[in-house]
Structures are given as structure tokens and as C-alpha cells.
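Please look over the sequence and the model below before reading on. The report that follows takes up burial, fold, one interior position and one part of the surface in turn.

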Amino acid sequence: MTWGVHMGGIIGTIIAGFITGILAKAVTPGPNPQGCLVTVALGILGAFVGTWLGQQLGIYSAGERAGIIGGVIGAVIVLSVYAAVIRARR
């Protein structure tokens with residue numbers, strides 16, 4: 001794997017994370033304690049989580065990134081954990 005391919009994968013995951021963060025906030029039940037920028041950042045993290053989880057489950061091969069559905073699933077997981085941590089702190 002060359003550096004350019006790896007960077008392209010990271011950039012693609014960030015773009016997918018932006019979109020999936022917005023979608024995940026729309027489908028996550030209950031009040032969301034975070035703003036739009038935090039949601040997008042957590043969506044980007046969720047896209048990485050979705051990619052990693054999909055690779056661990058054998059859905060994606062090494063070098064492949066999660067699609068929209070995998071990214072949304074990862075983002076929903078991250079957003080739910082974040083909301084639970086915030087609620088526990090209050």
C-alpha cells in the first residue's frame with residue numbers, strides 16, 4: 001500500500017464521516033446533547049469505527065472503508081456512547 005492510497009482512504013473516511021455524522025444524529029433516539037460540530041467530529045470517528053468493525057467482521061477487506069450504512073452504524077455507536085457519558089456526568 002502506498003502513502004497516497006492510504007491518505008485517500010483517510011480522506012474518504014473523513015468525508016463519509018461528515019455525512020454519516022449528520023445521518024446518525026437524525027436516527028439516534030432521544031435528545032442529543034452535542035452541537036453540530038461535535039456531531040460531525042463524532043461521525044468522522046464513527047466512520048473509522050464502522051470501517052474497523054467491518055474489517056474485523058470480515059465485511060470489508062484491508063484498505064476498504066465502510067460505506068454509508070457501515071459508517072452510520074459506527075457513528076450511531078459513537079454518538080450513543082458519547083450521549084451516555086455526558087448523561088452520566090450530569
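## Burial and surface

Of the 90 residues in the protein, 32% are buried, a value that, like everything else here, was computed on a predicted model. The area that the protein exposes comes to about 5,500 Å², and carbon and sulfur atoms supply 73% of this area.

## Fold

The protein contains three helices and zero strands, so that reading along the sequence gives the pattern α-α-α. When contacts between residues at least 6 apart in sequence are considered, 67% of them join residues that are at least 24 apart.

## A buried threonine

T20 belongs to helix α1, which covers residues 3-27. With a relative accessible area of 0%, T20 counts as buried, because the cut-off for burial is under 20%. Once neighbours within four places in sequence are set aside, the residues in contact with T20 are G43, A47, I68, G71, V72 and A75.

## A nonpolar patch

On the surface, W52, L53, L57, I59, I69, I73, I77, V81 and V85 make up a nonpolar patch of about 900 Å². Two or more residues of this patch are given by each of the elements α2 (36-56) and α3 (68-89), and the largest share, five residues, comes from α3.

One of the patch residues is I69, which is located in helix α3. I69 is classed as exposed because its relative accessibility is 67%, and the cut-off for that class is over 50%.

Terms used
Residues numbered from 1 in each chain as written. Predicted model: local features only at pLDDT ≥ 70, side-chain atom pairs only at ≥ 80, totals over all residues. Heavy atoms only, no water. Helix = DSSP H or I, 4+ residues; strand = E, 2+ residues; numbered from the N terminus. Buried < 20%, exposed > 50% of the residue type's maximum accessible area, 1.4 Å probe, protein only. Contact = heavy atoms within 4.5 Å. Areas by Shrake-Rupley, 256 points an atom, 1.4 Å probe, with all protein chains shown as cover. Patch = residues over 30% accessible without salt bridge, like charges linked within 9 Å, V, L, I, M, F, W, Y side chains within 5 Å. Salt bridge = Lys/Arg side-chain N within 4 Å of Asp/Glu carboxyl O.
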